[in-house]
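Please load the model and keep the selection tool at hand. The stops below go in order, each with something to select and a note on what is there.

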Amino acid sequence: MRALVVYAHPREESFNAAVRDVVLERLHAAGAEVRLMDLYKEDFCACLSSKELECYENTEANCAPVADSTDAVMWCDTLIFVYPTWWYGLPAILKGWLDRVLLPGVAFLMPDNESPNIRPGMTHIKRLAVFTTCGASWWLTQMVGAPGKRTLLRGVRFICAKQCKTTFAAHYLMDSSTPRSRKAHLAKVGARMERFIGADVVRPAPKAVEA
């Protein structure tokens, strides 16, 4: 299992960092190969430039400015997002990562004589997970349409493997959360990760203890 964790929160002491750490702990415990992309720490530029847009359909040229990220996407078979939901959607830095990294020739194939629509390009990705926090309640988020969740679990999911396994967990009403609610949510994230990883991941054998 090769897992790419894309993390987007500007404050290291945030609850999202605690969620990220649970995700990473479960992956490491399962013996997975893991790469972490901390977008704020890496000072990732979210803006798709005019020059990048000009060469958008040229795979070799469009990958060059974000080669580390596109290499990681092509390397992984498991893609996990950890981020706060702001204004019902993705933080700008994460939306910009999608814009600049999930490119033609990497994430999807452009329309051609065979198809008038785009086609999946990330069919090597067999697992997709989303872990987020929301200031709004569940019902208000659903009433608005949960655009951030839809972008990832519908839009990105469409260009992954046909049988791509997904999981999702959100702590709603984050602004009025309590130590109890946060502890319970971290336990939920851990349980979701256990089911998400599944029995097909080879876990390291326990070390022998000398008598």
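Select Tyr88 in this predicted model. Tyr88 is partly exposed, at a relative accessible area of 23%. The residue belongs to the loop between S3 and H5. Its phi is near 65°, which is positive although the residue is not glycine. Most residues other than glycine have a negative phi.

Next, go to Leu173, where phi is again positive in a residue other than glycine, near 55°. Leu173 sits in the loop between S7 and helix H8 (179-197). With a relative accessible area of 44%, Leu173 is partly exposed.

**Helix H5**

From the loops, move inward and select H5. How many of the ten residues of H5 are buried? Seven are, so H5 is largely enclosed by the rest of the structure. The buried residues are Ile93, Leu94, Gly96, Trp97, Leu98, Arg100 and Val101. To see what covers them, show S1, strand S2 (33-38), helix H2 (50-54), H4, S3 and H7, which are among the covering elements.

**The nonpolar cores**

Colour the largest nonpolar core, a set of 40 residues in which Phe81 and Trp97 have the most contacts inside the core. Two or more residues come from each of strand S1 (2-7), helix H4 (67-75), S3, H5, S6, H7 and strand S7 (165-171). H5 gives the most to this core, with five residues.

Centre the view on Phe81. Which residues is Phe81 in contact with, leaving aside its neighbours within four places in sequence? They are Val6, Leu94, Trp97, Leu98, Leu128, Ala129, Val130, Phe131 and Leu152. Of these contacts, Leu94, Trp97 and Leu98 are also in the list of buried residues of H5.

A second core, separate from the one above, has 22 residues. Val5, Val19, Ala169 and Phe196 are included in this second core.

**Helix H4 and strand S1**

Select Ser69, which lies in helix H4. Is Ser69 buried or exposed? Ser69 is buried, with a relative accessible area of 5%. Apart from neighbours within four places in sequence, Ser69 is in contact with Met37, Phe44, Trp97 and Val101. Widen the selection to the whole helix: Ser69, Thr70, Ala72, Val73 and Trp75 are its buried residues. The cover over the buried residues of H4 includes S1, S2, helix H3 (59-63) and H5.

Now take S1, which is mostly covered, with five of its six residues buried. S1 and S2 run parallel and are joined by six bridges. For one place to look across the pair, pick Ala3, which stands opposite Val34 in S2.

**The largest cavity**

Switch on a display of internal space. Rolling a probe the size of a water molecule over the atoms shows where empty space is left. There is one cavity of 30 Å³ or more, and the largest cavity has a volume of about 70 Å³. Its lining has 13 residues; Thr85, Cys134, Thr141, Ala146 and Lys149 lie nearest its centre. S3, S6, helix H6 (138-144) and H7 each give two or more residues to this lining. H7 gives the largest share, three residues. By class, the lining has seven nonpolar residues, five polar and one charged.

**The two pockets**

Select Tyr56, Lys95, Leu98, Asp99, Leu102, Phe108, Thr151, Gly155, Val156 and Ile159, the lining of the largest pocket. Helix H5 (92-101) and helix H7 (147-158) are the elements that give two or more residues to this lining. The volume of the largest pocket is about 190 Å³. Its lining has six nonpolar residues, two polar and two charged.

The last stop is the second largest pocket, with about 160 Å³ of space. Select its lining: His9, Ser14, Phe15, Asn16, Pro84, Thr85, Trp86, Thr133, Cys134, Gly135, Met174 and Asp175. At least two of these residues come from each of helix H1 (15-29), strand S3 (78-85) and strand S6 (127-134). The classes here are five nonpolar, six polar and one charged. Thr85 and Cys134 appear in this lining and also lie among the residues nearest the centre of the largest cavity.

Methods: Residues are numbered from 1 along each chain as its sequence is written. This is a predicted model: local features need pLDDT of at least 70, side-chain atom pairs count only at pLDDT 80 or more; totals for chains, interfaces and linings use all residues. Side-chain values use heavy atoms; hydrogens and water are left out. On a 1 Å grid over the protein atoms alone, a cavity is a set of points where a 1.4 Å probe fits but cannot get out, and a pocket is an open set with protein on both sides within 12 Å along at least five of seven lines; lining residues have an atom within 4 Å of a point. Grid points are joined across faces, edges and corners, and a volume is the space filled by probe spheres set on the points. Helices (H or I, at least four residues) and strands (E, at least two) are DSSP runs, numbered from the N terminus. Ala, Val, Leu, Ile, Met, Phe, Trp, Tyr, Cys and Pro count as nonpolar, Asp, Glu, Lys and Arg as charged, and the others, Gly among them, as polar. A nonpolar core is a set of buried Ala, Val, Leu, Ile, Met, Phe, Trp, Tyr and Cys residues joined through side-chain atoms within 4.5 Å. Buried means under 20% relative accessible area, exposed over 50%, partly exposed in between (1.4 Å probe, protein chains only). Contact means heavy atoms within 4.5 Å. Two strands pair if DSSP finds at least two bridges between them.
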